[in-house]
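Reader: I would like a close look at one strand and its partners. Please go through that part in detail, and then add what can be said about the ligand and one loop residue.

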Amino acid sequence: MALPELRLRENVPGDFFVDSTCIDCDLCRQIAPETFRDIGDQSAVHHQPETPAQEFAALKALVTCPTASIGTISHRSAKEAVAAYPELVDENVYFCGFASESSYGASSYLIVRPEGNVLIDSPRFVVPLVKRIEALGGLTTMFLTHRDDVADHQKWADHFKAERIMHREDIGRSTQDIERRLTGRQPIELAKDLLAIPTPGHTRGHTVLLYRDQYLFSGDHLWWSETYNSLNASHSVCWYSWSEQTRSMESLLDYRFEWVLPGHGRRIHLSSSLMLEQLERCVTRMKHTSRAAS
Ligand code: SF4
């Protein structure tokens, strides 16, 4: 629970505030940009919500915040905001909210499909979200893009008896019971509509998931940058190999998709041709960065 005594001085006066435990995951700024802003390495309230829509968005940010750093002096009820998740992004693809501190506030997603629902990366295991996912048909599969965003995967898998899928190169102590381990660097068809594409670079076993040639769940490999107004990857958060990540990015040019749904960073929806243009520019920049670094 956010503590008024830890309230950041950058917050404007009023009911909503961010306290000093904020880890700068960016989610509140994505969910409620009218209320929260970047103050360097944390977020703060720059404008108190005035309309019901702004208040609802701010409360959704409050329940999604991985560190419970957002609070209200009046202890407003967040019941409706809790019930908003999973929140529809497009067609049958949902954003789960309820980010976990152990995955540094990574976004997780749910695909609702007749063949069985798929959870991509792990939100916090909380009862309201569990119940909502039960009502949407439960889970048959958990796809874990990489080692950093696994959070409460064990609890989700145990509860729903879901099969977890992850690349073998990213298996660690907390994921040693993963049911299905992917190997190699070739794409693997998990189902007619689901393609796992190994994208080593950010981590050795990073893998993205392409759904229906439309939605790319990109983990920490690729995201939309509001700052640069472009698809982006960053050398500064590449934990394994930037040259590998550049090659992995180039291999994505063989695929078509309209959405990029990342773990960290902003999601984006473009036509497949514009997405391809963006991806080509991203690869070019990455190659330039590689040359500059060598
Ligand atoms: S969601 Fe929470 S941790 Fe993330 S930037 Fe906002 S206040 Fe900070």
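Author: What follows starts with strand E13 and its partners, then turns to the ligand and a loop residue. The model is predicted.

Strand E13 covers residues 194-198, and 4 of its 5 residues are buried, so the strand is largely enclosed by the rest of the structure. The cut-off behind this is that a residue counts as buried under 20% relative accessible area.

One partner of E13 is strand E12, residues 188-191; the two run antiparallel and are joined by 3 bridges. Between E12 and E13 lie 2 residues, and the two strands form a hairpin. Opposite Leu194 of E13 stands Ala191.

E13 also pairs with strand E14, residues 207-211, again in the antiparallel sense, over 5 bridges. Here Ala196 has Leu209 of E14 as its bridge partner. In a regular strand, side chains alternate between the two faces of the sheet.

Now the ligand. The space it takes is the largest cavity. Around the ligand are Val18, Cys22, Ile23, Asp24, Cys25, Asp26 and Cys28, together with Ser43, Cys65, Pro66, Thr67 and Ile70. Sorted by class, this shell has 8 nonpolar residues, 2 polar and 2 charged.

Last, the loop residue. Asp254 sits in the loop that runs between helix H6 (242-251) and strand E18 (259-262). Asp254 counts as exposed because its relative accessibility is 66%, and the cut-off for exposed is over 50%. Its C-alpha atom is 15 Å from that of Leu222, a residue 32 positions away along the chain.

Key:
Residues numbered from 1 in each chain as written. Predicted model: local features only at pLDDT ≥ 70, side-chain atom pairs only at ≥ 80, totals over all residues. Heavy atoms only, no water. Helix = DSSP H or I, 4+ residues; strand = E, 2+ residues; numbered from the N terminus. Buried < 20%, exposed > 50% of the residue type's maximum accessible area, 1.4 Å probe, protein only. Pairing = 2+ DSSP bridges. Near = heavy atom within 4 Å. 1 Å grid on protein atoms, 1.4 Å probe; cavity = no way out; pocket = protein on both sides within 12 Å on 5 of 7 lines; lining within 4 Å. Sits in = over half its atoms within 2 Å of the grid points. Nonpolar A, V, L, I, M, F, W, Y, C, P; charged D, E, K, R; others polar.
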